[in-house]
Amino acid sequence: MLLSTFTIHVPTVIITAIIIVAFGAIVVNGICRHRRGERGCGCSCCQCPNSVLCHMHNQGEELKKP
């Protein structure tokens, strides 16, 4: 009985493991990018409409320099 129940759930366990590994890889990649100082989507910030939100503290420093 236990063996037949186990064989039924093997595909579910494999798919769940694949999803967990993929999610973990995405999280680790995000943490590594954050530590290197990379933010956002990886595109150029000059064309991004949300660049103000990512670089708010840098703009304040630039305004104080002159």
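These legends go with a few views of a predicted model.

**View 1. The whole chain is built from helices, with three of them and zero strands.** Start at the N terminus and the elements read α-α-α. The chain has 66 residues, and just 2% of them count as buried. As for the outside, the accessible surface comes to about 6100 Å². Carbon and sulfur atoms account for 70% of that area.

**View 2. Helix α1 covers residues 2-36 and carries F23.** This is also where the predictor is at its surest: confidence in the protein chain is highest in α1, at 87. Is F23 buried or exposed here? F23 counts as exposed because its relative accessible area is 57%, and the cut-off for that label is over 50%.

**View 3. F23, V27 and I31 make a nonpolar patch on the surface.** Together, these three side chains give a patch of about 280 Å². Of the trio, F23 is the one already met in View 2, sitting in helix α1.

**View 4. Helix α3, residues 56-64, is where confidence is lowest.** The mean pLDDT of α3 is 50. Over residues 59-66 the pLDDT stays under 50. How many contacts beyond four places in sequence does the model have for residues 59-66? The model has one.

**View 5. Back to the full chain, now with confidence in mind: the mean pLDDT is 75.** A pLDDT of 70 or more is reached by 62% of the residues. Keep the two ends of the range in view as you look around: α1 at a mean of 87 and α3 at 50.

How values were computed:
Residues are numbered from 1 along each chain as its sequence is written. This is a predicted model: local features need pLDDT of at least 70, side-chain atom pairs count only at pLDDT 80 or more; totals for chains, interfaces and linings use all residues. Side-chain values use heavy atoms; hydrogens and water are left out. Patches are made of residues with over 30% relative accessible area and no salt bridge: like charges are joined within 9 Å, nonpolar side chains (Val, Leu, Ile, Met, Phe, Trp, Tyr) within 5 Å. Accessible areas come from the Shrake-Rupley method with a 1.4 Å probe; for residues, only the protein chains shown count as cover. A salt bridge is a side-chain nitrogen of Lys or Arg within 4 Å of a carboxyl oxygen of Asp or Glu. Helices (H or I, at least four residues) and strands (E, at least two) are DSSP runs, numbered from the N terminus. Buried means under 20% relative accessible area, exposed over 50%, partly exposed in between (1.4 Å probe, protein chains only). pLDDT is the predictor's confidence in each residue, from 0 to 100. Contact means heavy atoms within 4.5 Å.
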